[in-house]
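Colleague: I have a new model on my screen and I am not sure how to read it. Could you walk me through a few features?

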Amino acid sequence: MADPETGLRARLIDVGVDLVNTEGVQALTLREIARRAGVSHGAPRRHFPTHLELLSAIARRGFTDLAGRAAEVRGDGAADPREQLAALGRVYLDFALTHRGMHELMFRHDLLESGHLGLRETSLPLFTLLVDLVDLVGRARPDVDAALVAGSLLANLHGIAQLWTWGSLPLATGADDVVPLLRTALDAHLGPGGR
């Protein structure tokens, strides 16, 4: 038989995930999550003593989802590292564009103190994968720090997603899809590659 307290914890996270995906980060109040979960406004405190802990649990769900999508497109990891980076970039951009509220929450370290609430354990493996693939692609350039390139590429992808969402990039570039922007970002950070 399922523990009702464990079930409530999961339900609160589920409600938070739905809320952030439909209404954005600003809607994630303890009171609103409790209301939508059908419990008293004090009930979430039994599982999440602070708002930060509940936000972190919701963000962890997002990182887990994104990691699963990344693993799916990566497959066995036998494909060319640059092709894997392109596939991961497409997954990242798709996630950012279709889960805008969750994507924002996941990267709002001003809201989330990831060091002691378990977010680093869910977010860093994705970044480590990115660094490893950048390192494999850039082996011909030993003077380049793969972590810095990966960080710059991630920032570029994040910017593409945000500016696309706001309508700025389609207007400025005339592009009707983010894929050419992704290819250009990969070329800018890794050097020209095959198409």
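**Reading a helix and its surroundings**

Modeller: Happily! Bear in mind that this is a predicted model. Let us begin with helix α8, residues 146–165: at 1.5 Å a residue, its 20 residues should span 28 Å, and its end C-alpha atoms are 28 Å apart, which agrees.

Colleague: Which residues of α8 are buried?

Modeller: Buried here means under 20% relative accessible area. In α8 that applies to A146, V149, A150, L153, L157, I160, A161 and W164. They cover an arc of only 110 degrees around the axis, so they sit on the same side of α8.

Colleague: How should I make sense of that spacing?

Modeller: Here is the general idea: an α-helix has 3.6 residues a turn, so residues three or four places apart point the same way.

Colleague: What covers the buried residues of α8?

Modeller: The cover includes α5 (81–98), α7 (119–137), α9 (168–173) and α10 (179–190).

Colleague: And what should I look for at the ends of a helix?

Modeller: Check the residues that flank it. D145 caps the N-terminal end of α8, with a side-chain oxygen 2.9 Å from the backbone nitrogen of A147. After α8 comes G167, whose phi is positive, near 90 degrees.

Colleague: Now the interior. How many residues does the largest nonpolar core have?

Modeller: That core has 59 residues, and L28, I33, I58, L93, L105 and I160 have the most contacts inside it. The elements giving two or more residues to this core are α1 (4–23), α2 (30–37), α4 (51–74), α5, α6 (100–106), α7, α8 and α10. The most comes from α4, with 9 residues. Notice I160: this residue is among the buried ones of α8 and among those with the most contacts in the core.

Colleague: What does L105 touch?

Modeller: Leaving aside residues up to four places away in sequence, L105 touches V20, V25, L28, L55, I58, A59, L111 and L112.

Colleague: Let us step back to the whole protein. How many helices and strands are there?

Modeller: There are 10 helices and 0 strands. The C-alpha atoms fill a box of roughly 55 × 35 × 30 Å along the principal axes. Of the 195 residues, 42% are buried.

Colleague: How do I read contacts along the sequence?

Modeller: Ask how far apart the partners lie in the sequence. Among contacts with a separation of 6 or more, 67% join residues 24 or more positions apart.

Colleague: And the outside?

Modeller: The accessible surface comes to about 10400 Å², and 55% of it belongs to carbon and sulfur atoms.

Notes: Residues numbered from 1 in each chain as written. Predicted model: local features only at pLDDT ≥ 70, side-chain atom pairs only at ≥ 80, totals over all residues. Heavy atoms only, no water. Helix = DSSP H or I, 4+ residues; strand = E, 2+ residues; numbered from the N terminus. Expected span 1.5 Å × (residues − 1). Buried < 20%, exposed > 50% of the residue type's maximum accessible area, 1.4 Å probe, protein only. Arc of directions from axis to C-beta. Contact = heavy atoms within 4.5 Å. Polar contact = N/O pair within 3.5 Å; in protein donor to acceptor, adjacent residues only side chain to side chain. Core = buried A, V, L, I, M, F, W, Y, C linked by side-chain atoms within 4.5 Å. Areas by Shrake-Rupley, 256 points an atom, 1.4 Å probe, with all protein chains shown as cover.
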